Amino acid sequence: MLTDLNNLRAKAQEELKKLSSALELEQLEIKYLGRKGELARMMKGLSEVAATERPKFGALANEVKLELEQAFARLKQELGGGDKATPSIDVTLPGIKPVRGHMHPVMQVQRELEELFRSMGFMVLDGPELESEYYNFESLNIPSWHPARDIQDTFYVHPPKFAGKDGRVKGGTPENRWLLRTHTSAMQVRALTKYGAPLRAVVPGRVFRYEATDASHEHTFWQMEGLVVDKDISISHLIATMKALLAGIFRTVVEVRLRPGYFPFVEPGFELDIKCLV
């Protein structure tokens with residue numbers, strides 16, 4: 001499969017050299033980068049790739065995609081985005097500098113992470129930011145008396161009849177008490193209910209916490225959670241996935257270590273560190 005990807009790159013580059021019009025460029029871009037294009041077709045065959053080769057295949061696929069996108073963008077600029085039938089432009093007129101924006105840095109990183117996980121066969125799911133207490137806590141085995149609730153009780157949205165004098169929610173049931181989600185973990189039960197097992201998914205998105213803001217804490221931040229449910233899954237799979245992810249982000253092999261970590265909502269817990277690359 002790696003050879004097929006390299007052959008696809010070489011074939012596309014060869015055809016790009018023979019282009020003479022913007023119309024041909026558009027057709028070629030659809031052929032290779034379209035939703036049903038050559039590259040998308042090859043990505044659908046990811047399940048046939050050996051597990052040990054998937055990280056290499058995903059990294060190479062991202063590299064080929066980026067290279068082709070840049071090549072098409074460069075040719076579009078050279079060809080002027082049109083052909084000889086395009087009306088001529090009066091170059092003596094004063095120019096108007098276009099206002100160009102860019103994607104938010106957080107969203108840039110999120111999209112890059114999503115592509116890396118997709119290359120490893122994960123689904124990318126999205127969930128509601130306004131969540132029920134059931135999905136946010138109860139379904140994750142975090143009942144009202146659990147110590148994790150002390151650091152995660154957050155911004156509740158509720159009808160006036162459930163509000164006490166102190167402003168906190170009174171009465172009701174977990175299903176009719178709503179809050180801004182404290183983690184994207186709220187999608188775990190939703191995903192398993194809809195797709196069942198085996199399941200491989202990540203859920204990126206904005207979450208909210210009742211935090212005192214300082215240099216390293218904020219009431220609103222972005223999180224990405226991964227969930228894998230299958231037979232014969234172990235911590236070694238998690239480590240391999242994290243290594244592949246970090247290698248994709250930093251563009252180099254990253255040395256990692258695991259160390260015990262306390263989290264009130266999970267036991268046992270551990271954290272993953274990487275060796276400084278500077």
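**Close-up views of a predicted model**

**View 1. Helix α9 and its buried residues.** Ala 244, Leu 245, Leu 246 and Gly 248 are the buried residues of α9. The model shown here, and in every view below, is a predicted one. What lies over these buried residues includes the helices α4 (54-79) and α5 (105-119), along with the strands β7 (256-260) and β8. Helix α9 itself runs over residues 235-250, 16 residues in total. At 1.5 Å a residue, α9 should span 22 Å, and its end C-alpha atoms are indeed 22 Å apart, so the expected and modelled spans agree. Look just past the helix to find Arg 251, which takes a positive phi of about 60°.

**View 2. The second largest pocket, beside α4, α5 and α9.** Here you can see a pocket holding about 680 Å³ of space. Its lining is made up of 24 residues, and those closest to the centre of the pocket are Ala 59, Asn 62, Leu 116, Gly 248 and Arg 251. Two of these names will be familiar from the first view: Gly 248 is one of the buried residues of α9, and Arg 251 comes just after that helix. The elements that supply two or more lining residues are α4, α5 and α9. Helix α4 provides the largest share, eight residues. Sorted by class, the lining has 10 nonpolar, six polar and eight charged residues.

**View 3. Asp 273 in strand β8.** This view turns to a single residue, Asp 273, which sits in strand β8 (residues 270-274). Is Asp 273 buried or exposed? Its relative accessible area is 18%, and because buried means under 20%, Asp 273 counts as buried. The side chain of Asp 273 is joined to that of Arg 259 by a polar contact of 2.5 Å. Leaving aside residues up to four places away in sequence, Asp 273 touches Glu 255, Val 256, Arg 257 and Arg 259.

**View 4. The cavity and its lining.** Finally, a look at an enclosed space: the structure holds one cavity of 30 Å³ or more. The volume of the largest cavity is about 50 Å³. Around the largest cavity you will find Leu 125, Thr 184, Met 187, Gln 188, Ala 191, Ala 201, Val 203, Glu 225 and Leu 227. At least two lining residues come from each of α8 (187-195), β5 (199-208) and β6 (220-229), and α8 gives the most, with three residues. By class, the lining of the largest cavity has six nonpolar, two polar and one charged residues.

Conventions:
Residues are numbered from 1 along each chain as its sequence is written. This is a predicted model: local features need pLDDT of at least 70, side-chain atom pairs count only at pLDDT 80 or more; totals for chains, interfaces and linings use all residues. Side-chain values use heavy atoms; hydrogens and water are left out. On a 1 Å grid over the protein atoms alone, a cavity is a set of points where a 1.4 Å probe fits but cannot get out, and a pocket is an open set with protein on both sides within 12 Å along at least five of seven lines; lining residues have an atom within 4 Å of a point. Grid points are joined across faces, edges and corners, and a volume is the space filled by probe spheres set on the points. Helices (H or I, at least four residues) and strands (E, at least two) are DSSP runs, numbered from the N terminus. Ala, Val, Leu, Ile, Met, Phe, Trp, Tyr, Cys and Pro count as nonpolar, Asp, Glu, Lys and Arg as charged, and the others, Gly among them, as polar. Buried means under 20% relative accessible area, exposed over 50%, partly exposed in between (1.4 Å probe, protein chains only). A polar contact is a pair of N or O atoms within 3.5 Å; within protein, one must be able to donate a hydrogen and the other to accept it, and residues adjacent in sequence count only if both atoms are side-chain atoms. Contact means heavy atoms within 4.5 Å. The expected span of a helix is 1.5 Å times one less than its number of residues.
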